[in-house]
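Visitor: I should like to learn how to read the features of this model one by one. May we begin with the backbone and proceed to the domains?

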Amino acid sequence: MNTTEKYDKYVMRSYGRLPLAIESGSGVLALNGDREYVDFGSGIGTNSLGYCDKDWVDAVCAQVQALQHTSNYYYNEAGAEFAEKLCEVTGYTNLFLGNSGAEANECAIKIARKYSFDKYGKNRHNIITLKNSFHGRTIATLSATGQEEFHNYFFPFLDGFANAEPNDLVDIAGKLGSTVCAVMLEYIQGEGGVCPLDKEFVDLVYVLCAEKDILVIADEVQTGAGRTGKFLCGEHYGHKADITTMAKGLFGGLPGGVCLSGEKCAGVLTAGTHGSTFGGNPVVMSGGKVVLDKAANPEFLAEVAAKGDYIREKLSALPEVVSIDGMGLMLGVTLKTMNAKDVMKAALDKGLLTLTAKEKLRLLPPLTIDYQSIDKGSSILTDILKG
Ligand SMILES: *Cc1c(COP(=O)(O)O)cnc(C)c1O
């Protein structure tokens with residue numbers, strides 16, 4: 001049996017996988033045998049520095065040879081340095097270290113509920129999330145996710161979540177009642193189709209939440225770590241949430257998630273109230289440190305924005321492209337007549353990896369992509385979109 005066959009036999013078939021086993025990678029290229037693929041998906045935005053960035057590999061290898069794990073009974077230096085650096089870069093007070101985006105959001109939900117419980121007592125536990133959002137696959141984060149198609153099979157889902165219509169000022173204002181402890185939002189809904197929120201909607205959420213002591217939780221699992229051309233997407237909107245969650249690109253392809261807190265909630269989680277065996281694992285932290293060293297740099301971020309503009313310019317000229325949404329290197333392409341999934345499959349055949357989100361073609365190339373590789377990938381896409 002080859003790799004694909006073993007997967008299909010031994011791994012539960014919870015994914016619709018494409019017929020490609022990636023054997024290795026280098027920079028923007030994923031490799032299988034003698035075939036190369038320009039990767040415009042970067043493992044769903046996780047391989048933010050591309051495949052096997054030299055500094056990242058060196059740091060991770062050095063760490064794994066020195067110390068692979070401690071558990072949270074003890075301290076470790078890589079975790080300390082990562083946490084310090086991420087707080088410095090984002091202006092947050094402190095953070096909780098987990099293993100994934102869903103876990104980062106679980107932590108945010110727990111902090112919001114406990115913050116409110118500590119201050120106001122019971123029955124102020126509701127969290128407003130937005131329709132079309134995506135917050136993860138655990139039962140709590142599925143309950144938070146504002147898409148009916150995710151609310152199947154696994155009943156009962158959790159109480160305490162209600163959805164508001166994104167960009168509807170009247171709807172959100174009406175939903176921020178006295179039982180609400182938090183609003184959770186993605187500035188750009190990623191899985192929902194790369195849909196940025198309107199600035200005036202986000203402004204209103206912050207004003208209303210400040211008035212009512214309702215926490216704002218920004219789910220920056222996909223938008224964070226430089227993806228949009230700012231380190232946090234909230235910077236584009238001029239806002240800093242009480243709690244921000246990050247994961248995907250933050251560790252360069254290692255599994256990690258972070259829940260960042262400002263001063264308001266910094267002391268909410270006390271000893272014994274939350275935990276994770278692997279959270280803050282030094283190997284993952286060492287990878288994260290290298291990502292922070294590179295991706296939090298203003299010149300690097302300006303390049304991300306410039307490369308995003310360059311891709312837009314190339315693709316928006318095509319008659320098949322109706323519009324391109326997103327910011328920086330998080331792009332959602334609306335097609336006129338073609339089906340995004342068909343385009344993704346055709347691109348794979350021609351040596352280009354892409355993603356979809358809802359009906360759009362989604363592009364999340366590594367933040368380190370060079371212009372030549374953008375040209376190469378874009379010309380493959382251009383061929384396909386020409387029909
Ligand atoms: C991917 C994603 C998640 C879930 O992250 P996992 O690491 O898969 O648990 C949560 N929120 C957003 C916005 C995401 O894009």
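Visitor: Where is the place of Ser71?

Guide: Ser71 is in the loop between helix 3 and helix 4 (77-90); helices (H or I, at least four residues) and strands (E, at least two) are DSSP runs, numbered from the N terminus. The model is predicted: local features need pLDDT of at least 70, side-chain atom pairs count only at pLDDT 80 or more, and totals for chains, interfaces and linings use all residues. Residues are numbered from 1 along each chain as its sequence is written, and side-chain values use heavy atoms, with hydrogens and water left out.

Visitor: What is the phi of Ser71?

Guide: Most residues other than glycine have a negative phi, and most peptide bonds are trans. Ser71 has a phi near 70°, a positive value in a residue other than glycine. Cys52, too, has a positive phi, near 55°, and is found in the loop between helix 2 and helix 3 (54-66).

Visitor: Which residues does a cis peptide bond join?

Guide: Phe155 and Pro156 are joined by a cis peptide bond, with omega about -5°. Pro156 belongs to the loop between helix 6 (139-144) and strand 6 (161-164).

Visitor: How should one read a sheet?

Guide: Strands of a sheet pair through backbone hydrogen bonds, either parallel or antiparallel. Here two strands pair if DSSP finds at least two bridges between them. Four strands form an open sheet with mixed pairing, in the order 1-2-3-15. Strand 1 (24-26) and strand 15 (352-353) stand at the edges with a single partner strand each, so one side of each is left without a neighbour in the sheet. Within the sheet, strand 2 (residues 29-32) and strand 3 (residues 35-39) pair in the antiparallel sense over four bridges, and Ala30 stands opposite Tyr37 in strand 3.

Visitor: How many salt bridges does the structure hold?

Guide: A salt bridge is a side-chain nitrogen of Lys or Arg within 4 Å of a carboxyl oxygen of Asp or Glu. The structure holds 15 salt bridges. One of them joins the side chains of Lys175 and Asp171, at 2.9 Å from N to O. Lys175 and Asp171 are separated by about one helical turn because they lie four residues apart in helix 7 (residues 169-175).

Visitor: Which domains does the domain assignment give?

Guide: Domain bounds come from an automatic or database domain assignment. In the protein chain, the assignment gives domain 1 (3-51 + 321-385) and domain 2 (67-295). The C-alpha centres of domain 1 and domain 2 lie 27 Å apart. Their contact (heavy atoms within 4.5 Å) takes 23 residues from domain 1 and 28 residues from domain 2.

Visitor: What area is buried between domain 1 and domain 2?

Guide: Buried area is the accessible area (1.4 Å probe) that two parts lose on being put together, summed over both. Between domain 1 and domain 2 about 1900 Å² is buried, of which carbon and sulfur atoms give 62%. Met327, Met330 and Lys358 lose the most area in domain 1 to domain 2, together 36% of what that side buries.

Visitor: Which salt bridge and polar contacts link the two domains?

Guide: One salt bridge is counted between domain 1 and domain 2. Arg362 forms a salt bridge with Glu191, their closest N and O atoms being 2.9 Å apart.

A polar contact is a pair of N or O atoms within 3.5 Å; within protein, one must be able to donate a hydrogen and the other to accept it, and residues adjacent in sequence count only if both atoms are side-chain atoms. Between domain 1 and domain 2, 12 residue pairs are in polar contact (both at pLDDT 80 or more). The side chains of Asn132 and Lys358 are joined by a polar contact of 3.0 Å.
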